Amino acid sequence: NKKIESENAIISQALKDGNAAFNAKDWELAITKYTEGIAASPNFAGSAPVLLNNKGAALRERAVAKFNTTVKLTDLSAKVEGYKAVKADLGEAADAYNRSLTLLKNAQPTEIADPKNKESQTATALNGARDAFRLMAQTEQVDETKIELAKTLIPEYLAIETDAARKGQAQMILGDLYRVVGDADNAITEYRKVLETSPDNLDAMAGLGLSLVNAGYISNNKEQLQEGANILQKFASAAPDKHKFKADAVGLIENLKT
């Protein structure tokens with residue numbers, strides 16, 4: 001009983017201190033405090049998932065702050081180290097959410113008295129994981145070892161998401177992750193899946209076109225190059241000038257013509 005009381009005291013204080021640090025945007029301290037709380041009882045589903053989810057959120061926020069600082073740096077070495085830190089934080093965040101989900105799935109009825117709490121923490125973990133993977137693709141800091149995890153967690157997220165727009169955005173993530181790491185073949189497969197249900201999705205159209213051209217260049221496949229050019233032309237005709245891939249698409253189309 002004394003051991004349990006001691007663990008509960010550590011967990012309660014760590015959660016309180018971690019939340020205070022999080023609200024103050026002190027990501028370093030928040031991560032440290034949540035880690036202390038997790039360590040007190042790492043396998044207890046009644047407390048660890050909350051701390052893991054909060055730690056994941058703090059890691060995500062630290063990654064975003066680090067990325068925003070790094071993009072402004074002019075020193076190449078500092079820039080490389082900054083991006084490595086972003087990649088590490090986002091990968092660790094994904095792992096924290098996955099650990100939270102594992103504990104929740106295996107939780108005993110005595111560990112979580114209120115089923116609504118379990119449901120809430122599960123949703124928090126899946127939403128957090130989706131955001132971690134989205135940021136990996138968006139910042140182009142993708143740990144390739146986490147793609148298998150994304151293949152598991154993104155479908156789980158899609159199973160609970162009811163908002164059509166958010167669902168569509170999440171379906172793009174796997175394709176984006178593959179595209180960023182240069183796995184054109186798997187990127188093509190994922191983008192095609194999105195376009196099957198959303199044929200006018202400009203982001204998926206651009207991703208598919210770019211991936212087809214990339215794969216075509218690598219394998220000297222003229223059919224892929226032609227299909228990629230056709231899709232990019234369709235995308236370029238429909239996309240606004242401010243779209244992040246518009247200039248790339250136009251440039252590739254002109255290059256393919258010559």
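**Helix packing and the largest pocket**

Modeller: In this predicted model, helix α3 meets α5 through Pro 49, Val 50, Asn 53, Arg 60, Val 64 and Phe 67. On the α5 side, the partners are Gln 121, Thr 124, Ala 125, Gly 128, Asp 131, Ala 132, Leu 135 and Thr 139. By class, this contact has 7 nonpolar, 5 polar and 2 charged residues.

Colleague: What makes these residues count as being in contact?

Modeller: Contact means heavy atoms within 4.5 Å.

Colleague: Why are α3 and α5 called roughly parallel?

Modeller: Helix α3 covers residues 48–70, and it packs against α5 at an angle of about 20°. Angles under 35 degrees count as roughly parallel. So α3 and α5 are roughly parallel to each other. Their axes lie 10 Å apart.

Colleague: What is the handedness of the crossing of α3 and α5?

Modeller: The crossing is left-handed.

Colleague: Now the largest pocket. How many residues line it, and which lie nearest its centre?

Modeller: The lining has 13 residues. Nearest the centre are Arg 134, Met 172, Asp 176, Asp 203 and Lys 244. The pocket's volume is about 350 Å³.

Colleague: Which helix gives the most to that lining?

Modeller: Helix α7 does, with 5 residues. Both α5 (115–139) and α7 (164–181) supply at least two residues each.

Colleague: How does the lining divide by class?

Modeller: It has 4 nonpolar, 3 polar and 6 charged residues.

Colleague: Why do Arg 134, Asp 176, Asp 203 and Lys 244 count as charged?

Modeller: Asp, Glu, Lys and Arg count as charged, so these four belong to that class. Met counts as nonpolar, so Met 172 does not.

Definitions and conventions. Residues numbered from 1 in each chain as written. Predicted model: local features only at pLDDT ≥ 70, side-chain atom pairs only at ≥ 80, totals over all residues. Heavy atoms only, no water. 1 Å grid on protein atoms, 1.4 Å probe; cavity = no way out; pocket = protein on both sides within 12 Å on 5 of 7 lines; lining within 4 Å. Points joined across faces, edges and corners; volume = space filled by probe spheres on them. Helix = DSSP H or I, 4+ residues; strand = E, 2+ residues; numbered from the N terminus. Axes fitted to C-alpha atoms, helices over the stretch in contact; angles between N-to-C directions. Parallel < 35°, antiparallel > 145°, perpendicular 65-115°, else oblique. Left-handed = near helix turned anticlockwise from the far one by under 90°.
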